[in-house]
Amino acid sequence: MSTTQSERLRELLEPLVSSQGLDLEEIAVDSVGRKRVLRVVVDSDSGADLDRIADVSRALSAKLDETDAMGEGEYTLEVGTPGAERPLTEHRHYVRAVGRLAKFQLTEGGELVARILKADDDGVDLEVPGVKGRKATARRLAFDDIARARVQVEFNRKDNEKPAE
């Protein structure tokens with residue numbers, strides 16, 4: 001049985017988010033002064049545009065209004081997407097990040113910045129950028145070799161290098 005408020009909220013809201021064709025990535029309840037803020041992060045393989053966010057926000061608000069999951073006090077519901085520098089914590093995150101540059105903290109120590117070319121059940125195929133005029137090299141990382149990974153923001157990427165949609 002669920003013990004934390006976040007777990008109870010996840011059990012309540014995840015089926016509703018899934019019915020909208022989205023994945024529930026994160027739930028957080030924060031206190032801001034006297035008010036509480038319920039932050040819900042959603043995503044999908046095709047992304048989540050503003051219309052989808054608005055639809056799921058209305059559905060979640062209605063569900064929360066008909067239950068006492070948030071208790072008696074006032075709260076604000078914020079629904080959004082993971083953001084540009086999202087952490088990669090699930091297999092589906094790596095699949096969605098194909099074509100993107102990511103920073104990997106390795107379990108053996110050290111870090112690596114590389115472009116994700118492919119993600120499968122066992123790990124990721126990467127393109128490691130060349131240094132000082134050298135060509136890029138291919139590298140394979142098993143998921144067990146990755147302690148943490150996060151998508152990187154690229155400001156100077158050429159148009160023909162956009163990630164696959």
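The paragraphs below lead through a predicted model, beginning with one sheet and the helices across it and then turning to a second sheet and two single residues.

A good place to begin is the open sheet of 3 strands, whose order is S1-S2-S3 and whose pairing is mixed. At its edges stand strand S1, residues 23-32, and strand S3, residues 75-80, and each of these pairs on one side only. Neighbouring strands of this sheet are turned against each other by 15° on average, if direction is ignored.

The mixed character of the pairing can be followed strand by strand. S1 and strand S2, which covers residues 35-43, run antiparallel and are joined by 9 bridges. Within this pair, Asp-30 has Val-37 in S2 as its bridge partner, while Ile-27 stands opposite Val-40 in S2. The hairpin that S1 and S2 make has 2 residues between the strands, and in this hairpin Gly-33 takes a positive phi near 65°. On the other hand, S2 and S3 run parallel, with 6 bridges joining them, and here Leu-38 finds its bridge partner in Leu-77 of S3. To get from S2 to S3 the chain passes through helix H2, and the β-α-β crossover made in this way is right-handed.

Two helices lie across this sheet. Helix H1, made of residues 5-19, lies across S1 and S2 and runs at about 140° to S1, whereas helix H2, made of residues 50-65, lies across S2 and S3 and runs at about 150° to S3. Strand S2 is thus named with both helices, and S2 is itself mostly covered, with 7 of its 9 residues buried.

A residue of another helix brings the reader back to S1. His-93 is found in helix H3, which spans residues 91-96, and His-93 counts as buried because its relative accessibility is 10%, where the cut-off for that word is under 20%. If its neighbours within four places in sequence are left aside, His-93 is in contact with Glu-25, Pro-87 and Leu-88. The side chain of His-93 also reaches the backbone nitrogen of Thr-89, at 3.0 Å.

The second sheet to consider is also open, and its 5 strands are arranged in the order S7-S6-S5-S4-S8 with antiparallel pairing. Strand S7, residues 137-142, and strand S8, residues 146-151, stand at the edges with a single partner strand each, and therefore one side of each is left without a neighbour in the sheet. In this sheet the neighbouring strands are turned by 40° against each other on average, again with direction ignored. At one of the edges, S7 pairs in the antiparallel sense with strand S6, residues 123-128, over 6 bridges, and Val-128 has Thr-137 in S7 as its bridge partner.

What lies in the loop between S6 and S7? One residue placed there is Lys-132, and with a relative accessible area of 83% this lysine is exposed, since that word is used for values over 50%. Measuring from C-alpha to C-alpha, Lys-132 and Glu-154 are 19 Å apart in space, while 22 residues separate them in sequence. The two single residues described here thus stand on opposite sides of the cut-offs, for His-93 is buried, whereas Lys-132 is exposed.

Technical notes
Residues numbered from 1 in each chain as written. Predicted model: local features only at pLDDT ≥ 70, side-chain atom pairs only at ≥ 80, totals over all residues. Heavy atoms only, no water. Pairing = 2+ DSSP bridges. Helix = DSSP H or I, 4+ residues; strand = E, 2+ residues; numbered from the N terminus. Axes fitted to C-alpha atoms, helices over the stretch in contact; angles between N-to-C directions. Contact = heavy atoms within 4.5 Å. Buried < 20%, exposed > 50% of the residue type's maximum accessible area, 1.4 Å probe, protein only. Right-handed = clockwise from strand over helix to strand, strands pointing away. Polar contact = N/O pair within 3.5 Å; in protein donor to acceptor, adjacent residues only side chain to side chain.
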